[in-house]
Amino acid sequence: MVSIMANEWIVASAPGKVILAGEHFVVKGEPAIAMAISLRARAYVRFREDKDIVIESENLKVRSVPTRGIVKEELIPIVSIVNKIVEMSNCNRGIELRIKSEIPPASGMGSSAAVAVACAAALNELLNLNLGLDEICKIAYEAEVIVHKKPSGIDNTISTYGGVILYRKGKGFESIQYNIKNHKFILADSGLPRNTGVMVSNVLSLYNKYERILKHVYKASRELVMMVVDALRKGDAEMLGDLMNINHGLLSAIGVSNAKLEELVYIARMNGAKGAKITGAGGGGFIVALVDNSSYSKVMNALRTVSRRVFVTEVSKDGVKIEKDN
Ligand code: MEV
């Protein structure tokens, strides 16, 4: 066993995600496709000289010291991860955990899951627990339940394993070949706050009220997702774009779009995007547009006139990883 000095930081990072198809429908057992992106969350951990556990998030500007009874609400899911892992290791040393993330919170890009996965992986390394990826993913899922109440598990899964996955709740995931060439994904912020837990529960209530109609929309999403798998494997960007547009229509049908999200989607399409849709829970957050390399700057510039934050991203093969220890 390698002994770790009090001042050595261990760093783990995990990617954010874009859901290409099937968000919300996945909560009721339908398949969905998620893609890891280049924006990452990082967890820095090290032992302390004293016995305290100190958790700090740079982005949320909060600090909790659970060993002194100071627990800020935003950090409750992370405190639960720390408690669980410390309990598993029987460690009685003080620990410092710092979180930094490039993934905008409440954006639909899976920031809470990426933070949870990175924290679990960093603590696993610090405490020499040798947990496998499945266990890290499961610990992160438990934290996601605290944040989002009824998550499908897709966010922590893509953040753990990276790449592109076909996910089914309770049935695990399959890695999907991604052969789309010469295209990028543009993400544009609606600037509207939203809460995944609330959006998921609104959609479930709508389903219960109008099941006779909505069960067909869920079935349509299932077919659509399987066609997206084909489009990705074949590298057919036209088909992927069309399917993203249809998927956006299905998301509007279950009530998660609004005027601002429609504006962003239509501006992207009118300026040459092959497809554009809400990504994640909707009600706010970001849209994602598929653009070929030649129309990329036109779409970016057009979206910048109506959105505060516009990013470009590509698929990231890397899931969670230990970055360095120094
Ligand atoms: C959130 O990224 C995706 C949703 O489908 C919720 C979930 O799957 O847990 C809206």
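Colleague: How do the residues lining the largest pocket divide into nonpolar, polar and charged?
Modeller: This is a predicted model, where local features need pLDDT of at least 70 and side-chain atom pairs pLDDT 80 or more, while totals for chains, interfaces and linings use all residues. A pocket here is an open set of points on a 1 Å grid over the protein atoms alone, where a 1.4 Å probe fits, with protein on both sides within 12 Å along at least five of seven lines; lining residues have an atom within 4 Å of a point. Ala, Val, Leu, Ile, Met, Phe, Trp, Tyr, Cys and Pro go in as nonpolar, Asp, Glu, Lys and Arg as charged, and the others, Gly among them, as polar. For the largest pocket that comes to 23 nonpolar, 17 polar and nine charged.

Colleague: Which residues are closest to the centre of the largest pocket?
Modeller: The largest pocket holds about 1000 Å³ of space. Its lining runs to 49 residues, and those closest to the centre are Ser111, Ser112, Glu144, Val147 and His148.

Colleague: And which element gives the most to that lining?
Modeller: Elements are DSSP runs numbered from the N terminus: helices (H or I, at least four residues) and strands (E, at least two). With five residues in the lining of the largest pocket, the top contributor is α3.

Colleague: Which element gives the most to the lining of the second largest pocket?
Modeller: That pocket has 16 lining residues, with Cys137, Asn156, Thr157, Tyr167 and Gly172 nearest its centre. Two or more residues each come from α3, α4, β6 (164-168) and β7 (172-175). The biggest share there, four residues, comes from α3.

Colleague: Where's the ligand, then: which space does it take?
Modeller: The shell around the ligand (residues with a heavy atom within 4 Å of it) includes Lys17, His24, Asp155 and Val200. β1 and α4 each supply at least two residues of that shell. A molecule sits in a pocket if more than half of its atoms lie within 2 Å of the grid points, and the space this ligand takes is the largest pocket.

Colleague: How far is the polar side-chain atom of aspartate 155 from an oxygen atom of the ligand?
Modeller: Residues are numbered from 1 along each chain as its sequence is written, and side-chain values use heavy atoms, with hydrogens and water left out. Polar contacts are pairs of N or O atoms within 3.5 Å; lysine 17 makes one to a ligand oxygen through its side chain at 2.8 Å, and histidine 24 makes one through a backbone atom at 2.8 Å. For the side chain of aspartate 155, the distance to a ligand oxygen is 3.0 Å.

Technical notes:
Grid points are joined across faces, edges and corners, and a volume is the space filled by probe spheres set on the points. A polar contact is a pair of N or O atoms within 3.5 Å; within protein, one must be able to donate a hydrogen and the other to accept it, and residues adjacent in sequence count only if both atoms are side-chain atoms.
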